[in-house]
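Reader: I would like to learn how to read a model of this kind feature by feature, with the general idea stated before each case. Could we begin with charged side chains and then move on to strands and helices?

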Amino acid sequence: MPLIATVAATDLEVESFTAPPDVWAQWRKLPIGTFVIGRHRTPAVLKRSGRGLQFFAAAPGLGGATAPESIEHQIAKIKLVLGMRAAGHDAKVEQPGVAPSGEQWQADVLVQTTRGPLAVEVQLAQQHWDDYRSRTARYRAGGVSVVWLVRGTHLKALGNSRIPFLMTHGWSIDEAMNRALEDMPCMAMDGPVGDEEGPRVVVFPTDRSKPFLRLSLESFGAGVAAGALNMGEFMYSNGTRSWPAWMWDSTKAPGVPMTPWLLMRWGPHAASTSRNIGERHANEKSQHHIGR
C-alpha cells in the first residue's frame, strides 16, 4: 500500500497523504494507468482504508501485488515526514536508491540533512540480525546514514544478537552487553502510555535531566533530521559506570506543531496545523498537472 505514485504522463511524483480529500476523490475518477507505482511502473488504483488512510495499490491483474504494510507502519512514516517538514527539512517517504554494488534499496523515510542524506526505517516486524546489518551496510555504502525505529518488544532479541556480534569484533562480554553500535542506531518505539497520542520513541537525554524521554514521531523526526541524535555516554544512575550509547540533545531538537492523531488530517475535524505541514505539495501538483 504505497503512499506515493507517479503520474504516468508527466513523471510527476504525488503523495496520497498530502492530497486533500476532495482532490483524492477527483483522482479516483481518473482512468486506471493515470498513476503508476514502483520501479516497474505498475498501474495503480487509489484507495482509502477504514481508518481514513489514503494510499495507492496495484490495479488488479495489472502487474502483481504491492508489498503488505500495516496501517500502523504507514502512519508512522507519515508522522516522521510531517515532523521533518514542519522543521524545514526536505523529507520524503518510500524513496528508492541503488548501492554502489548495484543492490537496490527503498527507505521508509529519506531526509536531506546538513550531514548528508539520512534514512529512517520503521521496523515493526521481527527482522533477522543479518538483515539489519546487510541493509545498514547497503545504505552506508551509498553515503546514506540510517536510524532504525524498532518495536520495543523486539529490542531484546536484537540485543541478544548484538552481543555475540561485538564479541567477535574483540569486545568483552561485559562491554558487548552494554555498548551501542556506532553505525546502526536502534531506538525503541513503544505504544502510547496514559494520555499520550500515538507511538513514542524512547531516547536518553544528554543533559540527564530525566532518565529517558518519550517523543512523538513528529518530534523525533524533526530532531533526528536536525542532528539531535548523537553517540555519547550513557551513565548509570549511581554514576559509577558509563557506556557508549546514542543520546538525544534536546537543544538541537526544534519544536514542531503537534498533530493529535493524524486521522484528524483526513477526518471531519481536520486541523489547520496538520494541513499546513505538507499540503502545499499536493495543492501545487493536483488539478493543474494530472490527467491532462
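Author: Let us start with one pair: Arg-214 forms a salt bridge with Glu-196, and their closest N and O atoms are 2.9 Å apart. This pair links distant parts of the chain, since Arg-214 sits in strand β12 (residues 213-216) while Glu-196 belongs to the loop between β10 (186-190) and β11 (200-203), 18 residues apart. Please keep in mind throughout that this is a predicted model.

Reader: What is the general idea behind such a pair, and which residues are linked with Arg-214 in a network of salt bridges?

Author: In general, side chains of opposite charge can pair when their charged atoms come close. Here Asp-190, Glu-196 and Arg-214 are linked in a network of salt bridges. As for its surroundings, Arg-214 counts as partly exposed, at 23% relative accessibility.

Reader: How many salt bridges does the structure hold, and which residue meets Arg-85 in one of them?

Author: The structure holds ten salt bridges. In one of them the side chains of Arg-85 and Glu-15 meet, with an N to O distance of 2.4 Å. Because Arg-85 lies in helix α2 (residues 71-86) and Glu-15 in strand β2 (residues 12-15), the pair ties together parts that are 70 residues apart in sequence.

Reader: Are Arg-85 and Glu-15 buried or exposed?

Author: The cut-off needed here is that buried means under 20% relative accessible area. Arg-85 has a relative accessible area of 7% and is therefore buried, and Glu-15 counts as buried at 7% relative accessibility.

Reader: Which residue forms a salt bridge with Arg-135, and where do the two partners lie?

Author: The partner is Glu-121, and the side chains of this pair meet at 3.1 Å, taken from N to O. Arg-135 is in helix α3 (residues 129-141) and Glu-121 in strand β8, 14 residues apart, so that here too the pair links distant parts of the chain. Their surroundings can be read from the relative accessible areas: Arg-135 is partly exposed, with a value of 22%, whereas Glu-121 is buried, with a value of 2%.

Reader: Let us turn to the strands. How do β7 and strand β8 pair, and what lies between them?

Author: To read a strand pair, one asks for the direction, the bridges and the connection. β7 and strand β8 (residues 116-123) pair in the antiparallel sense over five bridges, and they form a hairpin with two residues between them. One bridge that can be located by name joins Thr-113 to its partner Gly-116 in β8.

Reader: In which sense does strand β6 pair with β7, and which residue in their hairpin takes a positive phi?

Author: Strand β6 (residues 90-98) and β7 pair in the antiparallel sense over eight bridges, and the bridge partner of Gly-97 in β7 is Trp-105. Their hairpin has five residues between the strands, and within it Gly-102 takes a positive phi near 100 degrees.

Reader: Why can strand β7 be called largely enclosed by the rest of the structure?

Author: The reason lies in a count over strand β7 (residues 104-113): seven of its ten residues are buried, so the strand is largely enclosed by the rest of the structure.

Reader: What does β8 form with α3 and β9, and how do β8 and β9 run?

Author: β8, α3 and β9 make a right-handed β-α-β unit. The two strands run parallel and are joined by six bridges, with Leu-149 in β9 as the bridge partner of Val-122. Strand β9 (residues 145-151) is mostly covered, as five of its seven residues are buried. On to the next pairing: β9 and β10 pair in the parallel sense over four bridges, and here the bridge partner of Trp-148 is Cys-186 in β10.

Reader: How should one read two packed helices, and at what angle do the axes of α3 and helix α4 cross?

Author: Two packed helices are described by the angle between their axes and the distance between the axes. The axes of α3 and helix α4 (residues 155-167) come within 10 Å and cross at roughly 70 degrees, which makes α3 roughly perpendicular to α4. In this contact Trp-129, Tyr-132 and Arg-133 of α3 meet Leu-158, Ser-161, Arg-162 and Phe-165 of α4.

Reader: Which residues does Arg-133 touch?

Author: Leaving aside residues up to four places away in sequence, Arg-133 touches Phe-165, Leu-181, Asp-183 and Met-184. The C-alpha atoms of Arg-133 and Asp-183 are separated by 9.5 Å, although the two residues are 50 residues apart along the chain.

How values were computed: Residues are numbered from 1 along each chain as its sequence is written. This is a predicted model: local features need pLDDT of at least 70, side-chain atom pairs count only at pLDDT 80 or more; totals for chains, interfaces and linings use all residues. Side-chain values use heavy atoms; hydrogens and water are left out. Buried means under 20% relative accessible area, exposed over 50%, partly exposed in between (1.4 Å probe, protein chains only). Two strands pair if DSSP finds at least two bridges between them. A salt bridge is a side-chain nitrogen of Lys or Arg within 4 Å of a carboxyl oxygen of Asp or Glu. A crossover is right-handed if, with the strands pointing away from the viewer, the path from the first strand over the helix to the second runs clockwise. Contact means heavy atoms within 4.5 Å. Axes are lines fitted to C-alpha atoms, for helices over the stretch in contact, and angles run from 0 to 180 degrees between N-to-C directions. Angles under 35 degrees count as roughly parallel, over 145 as roughly antiparallel, 65 to 115 as roughly perpendicular and the rest as oblique.
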